[in-house]
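Trainee: Could we go through this model together? I should like to begin with the side chains.
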Amino acid sequence: MLKLRLSRGGTRKRPVYKVVVADSRFARDGRFIEKVGFFNPLLPKEKKERVGLEAERIKYWLGQGAQPTTRVARILGENELMPMPANGNNPIKAVPKKERNKKEEDNKEAPKAEAAPKAEAAPAEEAPKEEAPKAEAAPAEEKK
């Protein structure tokens, strides 16, 4: 399967990406079919030098069935080469990790605490249900 994806270059802590068309089985920074653009995340969003794309070649590869990765799809959407993808829903992403861990622990304890009262209440609820069919069955026997 063909993919439009980012291939990392640059030095340590200073990434620069190439937008490439590659087979999905190839390594991220390995062999690719064609370079169709670049992306420099270190530059501000307003600068033109942040993203450079070859629109005609990208449209050609999209027509050939190449699928963009989520990051490349956003870059292409911002440059109006394809419809902007829908935003993902990850409300936990904005919460600091320590607070997330506390919430997870609370969530694990809460079902245990809720399960105990439900377990006690369940037999009380089931008992009337069992009596009701007996009560219905008794009049049926009397009618015979």
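Mentor: Certainly; please keep in mind that the model is predicted. We may begin with Y60, which is partly exposed at a relative accessible area of 38%.

Trainee: And W61, is that buried or exposed?

Mentor: W61 counts as buried, because its relative accessibility is 11% and the limit for buried is under 20%.

Trainee: How many aromatic pairs are there in the whole structure?

Mentor: A search of the whole structure finds two. The rings of Y60 and W61 have centres 5.2 Å apart and planes at 75 degrees, so this pair is edge-to-face.

Trainee: Turning to D23, where does it lie?

Mentor: D23 lies in strand β2, which covers residues 14-23. With a relative accessibility of 11%, D23 counts as buried.

Trainee: Which side chain does the side chain of D23 join in a polar contact?

Mentor: That of R25, at 2.9 Å. Leaving aside neighbours within four places in sequence, D23 is in contact with M1, L2, R5 and I33.

Trainee: Now the backbone. What is phi of K13?

Mentor: Phi of K13 is near 65 degrees, a positive value in a residue other than glycine. Most residues other than glycine have a negative phi. K13 is in the loop between β1 (2-11) and β2, and K13 counts as exposed at 70% relative accessibility.

Trainee: What about E80, what is its phi?

Mentor: E80 is not a glycine, yet it has a positive phi of about 60 degrees. Its place is in the loop between α2 (70-78) and α3 (97-143).

Trainee: Buried or exposed, that E80?

Mentor: E80 is exposed, because its relative accessible area is 70% and the limit for exposed is over 50%.

Terms used:
Residues numbered from 1 in each chain as written. Predicted model: local features only at pLDDT ≥ 70, side-chain atom pairs only at ≥ 80, totals over all residues. Heavy atoms only, no water. Phe/Tyr/Trp six-rings, centres within 6.5 Å; stacked < 30°, edge-to-face > 60°. Buried < 20%, exposed > 50% of the residue type's maximum accessible area, 1.4 Å probe, protein only. Helix = DSSP H or I, 4+ residues; strand = E, 2+ residues; numbered from the N terminus. Polar contact = N/O pair within 3.5 Å; in protein donor to acceptor, adjacent residues only side chain to side chain. Contact = heavy atoms within 4.5 Å.
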